[in-house]
Amino acid sequence: MIDIYESKFRKADLNLLVVFAALMREGSVTQAAAALHLSQGAVSAALGRLRRLFDDELFTRTRTGIAPTRRAVELARRIEPALGLIQAAVTGRGHFDPATARRVFTLGMSDDLEAALLPRLLAATADLPDIRIAVRQANRNTVADMLDRGEIDLGIAAAPAHGPDHRTREMFASGYSCLFNPRLLPLPTPLNLDDYLAHPHLLVSYDGRRGIVDDLLETRGLTRRVIASTTHFAGAALQLTTLPVLATLPTHAATVYADALDLTAAEPPLTMPQYTVSAIWHSTVSDDPAHTWLLHLVGEAERPASPGSQK
């Protein structure tokens with residue numbers, strides 16, 4: 001039995017939290033009012049009470065509607081799952097119905113994982129008119145903070161850094177593949193090290209200077225010729241359609257780009273590490289039926305790595 005401080009709790013009208021959730025979802029006082037079947041004046045009055053309750057502006061005006069403050073984003077991460085649990089308790093429904101729900105799910109992941117997972121996620125939600133998937137750029141070092149700030153509902157990363165308030169679930173194993181255009185660079189596969197080093201490379205790197213391939217080559221007293229770098233895997237893959245160069249990318253993305261751009265994905269002539277991609281979320285949403293559904297959706301969209309030549 002939880003200990004509720006009645007004298008403080010009764011001052012908070014729970015209907016205000018419903019208005020808060022609608023404002024977060026709609027990004028507009030007018031649209032929130034329509035969704036709640038209330039007048040715009042009633043919603044504006046409720047917003048004033050919310051601001052006094054939380055001692056924060058909560059929403060600021062923009063050219064297109066309203067934008068949440070950082071405090072509002074933090075509150076939403078706790079309030080929305082709580083409202084879901086209250087609704088389930090009141091209605092006796094302990095599940096989330098994606099066919100009737102109106103919800104935006106925000107995922108945090110890097111563009112290589114987006115390439116592998118987003119097409120399947122979109123295919124799986126194509127018949128759900130009021131479910132929307134949004135993706136924000138993230139990596140293993142940023143997903144936990146983004147979850148804490150309420151910026152994303154679920155993070156997906158390779159071995160994500162996390163704390164005691166986070167939960168993780170392993171999704172699939174992956175590694176690295178070498179990608180090139182066989183019409184511009186007609187190399188035999190499997191690739192040998194001489195061919196790999198004889199041709200120029202595109203580097204994908206946050207600092208633009210070196211990557212894991214350079215570290216591995218250095219241990220053997222070898223170097224490669226890098227002609228350009230980018231911070232995006234998709235950007236590197238696109239350049240291969242017109243340039244006779246090599247790029248070494250995560251296998252789960254390389255196979256997607258190979259299929260889409262008619263490129264060849266081959267195993268690199270170096271022993272490269274394998275790693276596990278995991279989902280990560282905040283512990284406060286673990287009992288939320290909507291989160292459970294989202295986690296299942298992402299699990300169904302998993303794209304296992306498949307090293308080896310592919311064209």
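This is a short walk through a predicted protein model, from its overall make-up to a few unusual spots in its backbone.

Let's start with the whole chain. The protein has 311 residues, and buried ones make up 45% of them. Its chain forms twelve helices and twelve strands. If you look at contacts between residues with a separation of 6 or more, 75% of them join residues 24 or more positions apart. How confident is the prediction? The mean pLDDT is 87, and 90% of the residues reach 70 or more. Residues 304-311 call for more care, since their pLDDT is below 50. Even so, this stretch has 26 contacts in the model beyond its near neighbours in sequence.

Now look inside. The largest nonpolar core holds 28 residues, and the ones that touch the most other members are Phe105, Leu154, Ile156, Trp293 and Leu294. Several elements each give two or more residues to this core: the strands E3 (103-109), E4 (131-137), E5 (154-158), E6 (166-174) and E12 (275-282), together with the helices H6 (111-124) and H12 (289-300). Of these, H12 gives the most, with six residues.

Leucine 154 is a good residue to click on here. Leaving out neighbours within four places in sequence, its contacts include Thr106, Leu107 and Gly108, and also Ala279, Ile280 and Trp281. Among its other partners are His291, Leu294, Leu295 and Val298. Apart from this core lies another one, of 23 residues, including Leu17, Val29, Ala32 and Val43.

Next, find two helices that pack together, H2 (residues 14-26) and H4 (residues 40-54). Their axes are 10 Å apart and meet at an angle of about 105 degrees, which means that H2 is roughly perpendicular to H4. On the H2 side, the residues in the contact are Leu16, Leu17, Val19, Phe20 and Leu23; on the H4 side they are Val43, Ala46, Leu47, Arg49, Leu50 and Phe54. What kinds of residue make up this contact? Ten are nonpolar, none is polar and one is charged.

Strand E4 brings us to arginine 136. Is this residue buried, exposed or something in between? Arginine 136 has a relative accessible area of 39%, so it counts as partly exposed. Not counting residues up to four places away in sequence, arginine 136 touches Thr106, Leu107, Gly108, Met109, Met146, Glu151 and Ile152. You can also compare distance along the chain with distance in space: arginine 136 and glycine 155 are 19 residues apart in sequence, and their C-alpha atoms are 9.3 Å apart.

Finally, let's turn to the backbone. Most residues other than glycine have a negative phi, and most peptide bonds are trans. Three places in this model are worth a look with that in mind.

Leucine 58 has a positive phi of about 70 degrees, although it is not a glycine. You will find leucine 58 in the loop between H4 and strand E1 (59-61). Its relative accessible area is 0%, so leucine 58 is buried.

Alanine 159, in the loop between E5 and E6, has a positive phi too, of about 45 degrees, and is not a glycine. With 45% relative accessibility, alanine 159 is partly exposed.

The last stop is a peptide bond. Threonine 189 and proline 190 are joined by a cis peptide bond, with omega about 0 degrees. Proline 190 sits in the loop between strand E7 (176-180) and helix H8 (193-198).

Technical notes: Residues numbered from 1 in each chain as written. Predicted model: local features only at pLDDT ≥ 70, side-chain atom pairs only at ≥ 80, totals over all residues. Heavy atoms only, no water. pLDDT = per-residue confidence, 0-100. Contact = heavy atoms within 4.5 Å. Core = buried A, V, L, I, M, F, W, Y, C linked by side-chain atoms within 4.5 Å. Buried < 20%, exposed > 50% of the residue type's maximum accessible area, 1.4 Å probe, protein only. Helix = DSSP H or I, 4+ residues; strand = E, 2+ residues; numbered from the N terminus. Axes fitted to C-alpha atoms, helices over the stretch in contact; angles between N-to-C directions. Parallel < 35°, antiparallel > 145°, perpendicular 65-115°, else oblique. Nonpolar A, V, L, I, M, F, W, Y, C, P; charged D, E, K, R; others polar.
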